[in-house]
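The exercises that follow are meant to be worked through with the sequence and the model side by side. Each one sets a task and then gives a solution in steps.

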Amino acid sequence: TRSFRIAAIAGDGIGKEVLPEGIKVLEAAARRFGLALEFTQFDWANCDYYLQTGAMMPPDWKEQLSGMDAIYFGAVGWPATVPDHISLWGSLLKFRREFDQYINLRPVRLFDGVPCPLANRKPGDIDFLVVRENTEGEYTNLGGIMFPGTEREMVIQESVFTRHGADRVLKYAFELANARPRRHLTVATKSNGIAISMPWWDGRADAVGTAYPDVAVDKQHIDILTARFVLQPDRFDVVVASNLFGDILSDLGPACTGTIGLAPSGNLNPERNFPSLFEPVHGSAPDIAGKGIANPIAMIWSGAMMLAFLADAPGADGARYRAAHDAILAAIEQSLRDGPRTADLGGKATTAQVGEAIATLVGA
Ligand code: NAD
Ligand code: IPM
Ligand code: MN
């Protein structure tokens with residue numbers, strides 16, 4: 001049975017605090033289920049490295065990572081010293097593009113034991129998947145500023161949508177929805193105001209959807225869609241969105257489940273031509289960094305998603321990896337019911353205490 005090489009990249013701020021807890025839990029799972037995971041730590045793709053070298057990553061970063069089976073990533077960004085667009089375009093956004101991780105899969109779930117900020121919601125009412133397009137759309141460097149510093153200053157920022165790019169994320173979302181009991185797909189658009197790309201996106205959803213007659217499609221403008229995340233979260237099953245809309249929905253959804261400190265993500269290249277990347281949805285949280293109080297569960301759950309993805313790799317002993325995924329999820333559930341809690345969940349526990357508690361449950 002094969003082994004997997006995992007690149008561990010901590011990044012900045014709480015990325016450096018939550019990543020070790022994620023690895024601790026994965027190593028506990030590896031011992032219990034007989035998984036072969038080899039971690040290699042990379043001390044670049046962080047703002048200190050940028051301040052020392054003038055770049056976020058070494059020139060041969062792609063060669064160094066190409067042989068990896070997955071990347072386990074903390075968070076990047078330290079805006080006090082490096083502008084965010086420099087640090088993020090120099091690292092995370094580069095990975096997503098260069099490794100063609102065109103799916104950003106972001107589950108949203110209300111857990112038993114976690115107080116819900118929405119009235120009268122119980123576990124089961126909020127349980128959906130955000131599928132975010134992850135390589136194009138509103139995230140571009142195309143455009144510029146004319147007449148800078150003058151009254152005539154003019155800014156142009158282009159968006160890019162391709163048929164290839166839209167169709168492949170829509171197909172992925174339809175496949176996911178088709179395999180779930182409710183078979184329901186929400187398509188986030190804004191085809192009233194964004195008059196070119198969004199009516200086109202709706203049209204691509206219709207075209208791709210003809211192959212999935214059993215999936216109910218619900219197209220919603222992004223404005224009312226955000227309202228419904230709050231007012232009717234039980235309405236959602238799979239939600240597919242462009243890069244920026246998906247970014248916004250994937251912070252709002254987890255906020256509706258109590259904290260963004262739980263939200264995981266998989267940046268997937270489903271064809272496995274390149275390594276996929278697993279990371280919390282949240283960032284480096286400079287406001288709490290260095291205190292050891294960040295919630296590590298988003299990082300830990302992202303590790304479980306990584307195992308589920310590796311389970312389907314050629315030559316993998318899939319059953320073991322799936323069992324390990326399920327054990328980590330069960331440990332997270334139990335820990336949220338009666339284990340130690342970090343401050344975002346109203347507790348006093350440290351990052352390491354929560355990580356340790358979950359690792360112990362996984363190993364038992
Ligand atoms: P953020 O997600 O870092 O923090 C937002 C708020 O949520 C903060 O109050 C923070 O304390 C809290 N929070 C986040 N994660 C938490 C956790 N695990 N436990 C408890 N509380 C948590 O978003 P931001 O403040 O907009 O960004 C900070 C930096 O992170 C910026 O440089 C930004 O560009 C970067 N960022 C990186 C990523 C990434 O690497 N994937 C994602 C988002 C933001
Ligand atoms: C995320 C983050 C990134 C994004 C930032 C840090 C560039 O917010 O992963 O959600 O916008 O994609
Ligand atoms: Mn985001």
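**Exercise 1: One helix and its two sides**

In this predicted model, helix H8 covers residues 222–231, and its buried residues are Ile222, Leu225 and Phe229. Work out how these buried residues are arranged about the axis of H8, and what they pack against.

Solution. Begin by looking down the axis of H8: the buried residues fall within an arc of 50 degrees, and therefore they line one face of the helix. The general rule behind such a pattern is that an α-helix has 3.6 residues a turn, so residues three or four places apart point the same way. Next, turn to the other side of H8, where Asp223, Ile224, Ala227 and Leu231 are exposed. Finally, look for the partners of the buried residues, which pack against strand S8 (184–189), strand S9 (216–221) and helix H9 (243–256).

**Exercise 2: The chain as a whole**

Decide whether the radius of gyration of the protein chain agrees or disagrees with that of a compact globule, and describe the make-up of the chain.

Solution. The first step is to count the elements, and the protein chain holds twelve helices and twelve strands. The second step is the comparison itself: for 364 residues a compact globule would have a radius of gyration near 21 Å, and the value for the protein chain is 20 Å, which agrees. Along its principal axes, the C-alpha trace spans about 60 × 50 × 45 Å. The third step concerns the interior, since buried residues make up 45% of the 364 residues. As for contacts between residues at least 6 apart in sequence, 76% of them join residues at least 24 apart.

**Exercise 3: Two domains and their contact**

State which residues belong to each domain, and describe the side of domain 1 that touches domain 2.

Solution. Start from the domain assignment, which gives domain 1 as 1–105 + 260–364 and domain 2 as 116–257. The C-alpha centres of domain 1 and domain 2 lie 24 Å apart. The contact takes 15 residues from domain 1 and 17 residues from domain 2. On the domain 1 side, helix H5 (92–98) and strand S4 (103–109) each supply at least two residues. Sorted by class, the residues of that side of domain 1 divide into nine nonpolar, three polar and three charged.

**Exercise 4: Surroundings of the ligands**

Name the residues that surround ligand 2, and say which of the residues around ligand 1 come nearest.

Solution. Take ligand 2 to begin with: Leu88, Leu93, Asp247, Val281 and Gly283 surround ligand 2, and this shell divides into three nonpolar residues, one polar and one charged. Then move to ligand 1, which has 23 residues around it, with Gly77, Gly261, His282, Gly283 and Asn295 coming nearest. The shell around ligand 1 has twelve nonpolar, seven polar and four charged residues.

**Exercise 5: Positive phi outside glycine**

Is Arg183 buried, partly exposed or exposed, and what is the corresponding class of Ala285?

Solution. The background to this exercise is that most residues other than glycine have a negative phi. Arg183, although not a glycine, has a positive phi of about 50 degrees, and the place of Arg183 is in the loop between helix H6 (163–178) and S8. There are 16 other C-beta atoms within 10 Å of Arg183, so Arg183 is partly exposed. Ala285 likewise has a positive phi, near 45 degrees, and is found in the loop between strand S12 (276–280) and helix H10 (297–311). Ala285 has 23 C-beta neighbours inside 10 Å and therefore counts as buried.

**Exercise 6: Two residues of helix H1**

For Ala30 and then for Arg32, give the burial class and the contacts beyond four places in sequence.

Solution. Ala30 lies in helix H1, which covers residues 15–33, and because 22 other C-beta atoms lie within 10 Å, Ala30 is buried. Leaving out residues up to four places away, Ala30 touches Leu35 and Leu37. Arg32 is also found in helix H1, but with 15 other C-beta atoms within 10 Å, Arg32 is partly exposed. With neighbours within four places set aside, Arg32 is in contact with Ala327, Val362 and Gly363. The last step is to check one of these pairs: Arg32 and Gly363 are 331 residues apart along the chain, while their C-alpha atoms are separated by 5.8 Å.

Methods
Residues numbered from 1 in each chain as written. Chains lettered and ligands numbered in written order. Predicted model: local features only at pLDDT ≥ 70, side-chain atom pairs only at ≥ 80, totals over all residues. Buried ≥ 20, exposed ≤ 12 C-beta atoms within 10 Å, placed from the backbone. Helix = DSSP H or I, 4+ residues; strand = E, 2+ residues; numbered from the N terminus. Arc of directions from axis to C-beta. Contact = placed C-beta atoms within 7 Å. Rg over C-alpha atoms; globule rule 2.2 N^0.38 Å. Near = placed C-beta within 6 Å. Nonpolar A, V, L, I, M, F, W, Y, C, P; charged D, E, K, R; others polar. Domains from an automatic or database assignment.
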